[in-house]
Amino acid sequence: MSRTLEREEPNYFGAGPALLPTSVLQQAAYDLITYETEAIGIGEISHRSKPAIKVIDDTKDNIKTLYSIPDTHEVFFMQGGGTTGFSSIAYNLIANFAKKTGKKGKAAYAITGSWSKKSAEEAERLGFDVDIVVNTKPTKFSTIPPYSEWKPIDKENTAYLYVCDNETVHGVEFKDTPSQDYLPDGVELVADMSSNVLSKKIDVSKYGLIMAGAQKNIGLAGLTIYIIKKSLLEQATDAELRAMNIPVVPIAFHYPTVVSNNSAYNTIPIFTCHILKLVTDKLIEQGGIDAIEKVNAEKAEILYNALQAYPEFYSLPVTDANARSRMNVVFRLPSEELEAKFVKEAAAKKLTGLKGHRSVGGMRASIYNAVSLKSVQLLVDFVNEFAKANA
């Protein structure tokens, strides 16, 4: 069978690994064979060679440009995904708190879905003191309560507040950041943005650390983006940490080491980084964050409006409209049989990746950056057709 780099544009709504622009994949395919003036491909070059360093630097610069990142913050990359981040965040930020205060300290966690829950559990498993300031599991993660209803943060002993900015499984998303009325000075805001990174405008200066696995919205699996306040790279020594009974971070996850080696202390997956560079190149060409946020808002609006037009047929588990995700639209049908039929008939129309996460069932349409407005409109048309035929 003959092979080609051309493909029919997919209408794919999978949650991750997710859709990538066809033009990016086509360029990456050529670069995998031979990269620029090299006689070998991008995946074969040394991670410390000049071409590889340029890929890393260009990707960092693109992210800095897209997010208007201030000089107070640094961008770096590490192997792994969000789950690796759950561990590395706790190790590194508690080590920074120990440097500043001489105390072990604790970490505050907001549990608003399955991923923030897993992150809190991992920090506790590693031996850190975890303080849960809000937990929406009793409401089946259907809302994000106002900060006035959260448990107050212990200012003197808390290193950071961790939030998952967008919960991929349960479809809730933060629309703001805590004010100083809730988040005290000196307590760093840490956000997992794995599934909404580069999808909307944010004020990076409000965050101590942003972590984002690339594969849900802007890249391939295997690489995680970190945007960190430079002052958080100051850490207690290993000896000081042991004296305070604080776990010592594994060297591959030690932020100061990774940053001082320009993300190449160990072998960075450079092909994955190159994909991220190509994607961010394209986002800049498309007009940057302002432009992509506008399209993302329209995609979410038309899909939610279609679902809400049939309230007796489609139900939205996220009951708080202000907390509904623009990236992961979750919904249910009256029965599992109808849900199976929905998936089957959607696939026949080449609308795929719509089955919900195995832990919650139902439907989930992930409408990430690379999912076009045209694809979402086709899904909206099917949502309307299916309701009229089956309600």
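These legends accompany close-up views of a predicted model.

**View 1. An open sheet of seven strands.**
The strand order is β2-β10-β9-β8-β5-β3-β4. Pairing within the sheet is mixed. At the edges stand β2, residues 73-79, and β4, residues 129-135. Each of these edge strands pairs on one side only. On average, neighbouring strands are turned by 20 degrees against each other, with direction ignored. In general, strands of a sheet pair through backbone hydrogen bonds, either parallel or antiparallel.

**View 2. The pairing of β5 with β8.**
Strand β5 covers residues 158-164, and strand β8 covers residues 188-192. The two run parallel. Five bridges join them. Within this pair, L161 stands opposite L189 of β8.

**View 3. Helices α2 and α3 against the sheet.**
Helix α2, residues 50-67, packs on the sheet and touches β2 and β10. The direction of α2 makes about 130 degrees with that of β2. Helix α3 spans residues 82-101. This helix lies across β2, β3, β5, β8, β9 and β10. Relative to β5, α3 runs at about 160 degrees.

**View 4. Surroundings of S88 in helix α3.**
Is S88 buried or exposed? S88 counts as buried because its relative accessibility is 0%, and the cut-off for buried is under 20%. Neighbours within four places in sequence are left aside here. Beyond them, S88 is in contact with M78, Y226, F253 and Y255. M78 falls in the range of edge strand β2, residues 73-79. Y226 falls in the range of β10, residues 223-229.

**View 5. A cis peptide bond at P17.**
The bond from G16 to P17 is cis. Its omega is near -5 degrees. P17 sits in the loop between β1, residues 11-12, and α1, residues 22-33. Most peptide bonds are trans.

**View 6. Positive phi at N245 and K350.**
Most residues other than glycine have a negative phi. N245 has a phi near 60 degrees. The loop between α5, residues 238-243, and α6, residues 255-260, holds N245. N245 is exposed, with a relative accessible area of 61%. For K350, phi is near 65 degrees. K350 lies in the loop between α9, residues 336-348, and β12, residues 351-352. How exposed is K350? K350 is partly exposed, at a relative accessible area of 47%.

Definitions and conventions. Residues numbered from 1 in each chain as written. Predicted model: local features only at pLDDT ≥ 70, side-chain atom pairs only at ≥ 80, totals over all residues. Heavy atoms only, no water. Pairing = 2+ DSSP bridges. Helix = DSSP H or I, 4+ residues; strand = E, 2+ residues; numbered from the N terminus. Axes fitted to C-alpha atoms, helices over the stretch in contact; angles between N-to-C directions. Contact = heavy atoms within 4.5 Å. Buried < 20%, exposed > 50% of the residue type's maximum accessible area, 1.4 Å probe, protein only.
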